[in-house]
Amino acid sequence: MNDINLQGIGMTSRRTRDRLISRLKGQGISDEGVLNTLRETPRHIFIDEALSHRAYEDTALPIGFNQTISQPYIVAKMTEVLVSTGPLKRVLEVGTGSGYQTSVLAQLVDQVFSVERIKPLQDKAKERLRQMGLKNVHLQHSDGGMGWPSKAPFDAIMVTAAPEQVPEELLLQLAIGGSLVIPVGQEQQQLKLITRQSDLEYKTRIIENVNFVPLLAGTIR
Ligand code: SAH
């Protein structure tokens, strides 16, 4: 991250970012590590220039291909829920999208594995993560409904697109004691935290109602 990049547009001032963080606190986000990471992460570099002046608003924004960069509140919430499950070494993210959530995770856990089904989005995300100097991120172009079997087991899995039902493959790629945070449903979606308690035992907690783009099968070149 260099200052030239950050000062190029007016809305990246410290005050603008601090305002976003205050807002997140007001919405119940309390993990200091998560709040600091969001404060220091340049969200505007993950958004096309025409919209980057809105980067520090607490809203999802279009990134092309009918997809969106997640709202900061949701990024904070999902991250807080996962990091509260314990220190995380290996984390799988399904739906790299812009790479913003990936970059937040990469600053808080040891290794991030992230899969994306739309190749041009993955390519852009790769370049931005490189720009940020993050070396602990591994990207793959694939259908994340299958997880990333060769890299499993994971201490945590975060899914940033909503399936109608929880894909069993993802449950099976959790380490014992590991947790999956995932939006589930169609019009009405619920964010769920599912923890693998033993080989075949899972515990589900409902976090809140959410609104994600759908998890889709197959890949786009
Ligand atoms: N975390 C991203 C969210 C992007 S939106 C961000 O903040 O930018 C969800 C992303 O999930 C989209 O990029 C979409 O293409 C991707 N996606 C949907 N279904 C998928 C699947 N089966 N495998 C991998 N990625 C998928």
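Which exposed residues does the face of H2 turned away from its buried side carry? I looked this up before anything else, and that face carries Arg15 and Gly26. I count a residue as buried under 20% relative accessible area, exposed over 50%, and partly exposed in between, with a 1.4 Å probe and protein chains only.

**Ground rules.** I am working with a predicted model, where local features need pLDDT of at least 70, side-chain atom pairs count only at pLDDT 80 or more, and totals for chains, interfaces and linings use all residues. Residues are numbered from 1 along each chain as its sequence is written, and side-chain values use heavy atoms, with hydrogens and water left out.

**Helix H2.** I took helices (H or I, at least four residues) and strands (E, at least two) as DSSP runs, numbered from the N terminus. I noted Thr16, Arg17, Leu20, Ile21 and Leu24 as the buried residues in H2. Down the axis of H2 they fall within an arc of 140°, so they line one face of the helix. The arc is taken from the directions that run from the helix axis to the C-beta atoms. An α-helix has 3.6 residues a turn, so residues three or four places apart point the same way.

I then checked the length of H2 (residues 14-26). Its 13 residues should span 18 Å at 1.5 Å a residue, and the end C-alpha atoms are 18 Å apart, which agrees. The expected span is 1.5 Å times one less than the number of residues. After H2 I found Gly28, with a positive phi near 100°.

**Ser70.** I read in the unreviewed UniProt entry that the annotation "active site" covers Ser70; such annotations may be inferred rather than shown by experiment. I located Ser70 in the loop between strand S2 (67-69) and helix H4 (72-83). Ser70 counts as buried because its relative accessibility is 18%.

**Val109.** I placed Val109 in the loop between helix H5 (100-106) and strand S4 (111-116). Val109 is buried, with a relative accessible area of 6%. I also noted that Val109 and Arg90 are 19 residues apart in sequence and 7.3 Å apart in space, C-alpha to C-alpha.

**Cavity.** I searched a 1 Å grid over the protein atoms alone for sets of points where a 1.4 Å probe fits but cannot get out; lining residues have an atom within 4 Å of a point. I found 1 cavity of 30 Å³ or more, and the largest has a volume of about 40 Å³, the space filled by probe spheres set on the points. Its lining includes Phe46, Asp48 and Ser98. Helix H6 (residues 119-131) gives the largest share of that lining, 3 residues.

Key. On a 1 Å grid over the protein atoms alone, a cavity is a set of points where a 1.4 Å probe fits but cannot get out, and a pocket is an open set with protein on both sides within 12 Å along at least five of seven lines; lining residues have an atom within 4 Å of a point.
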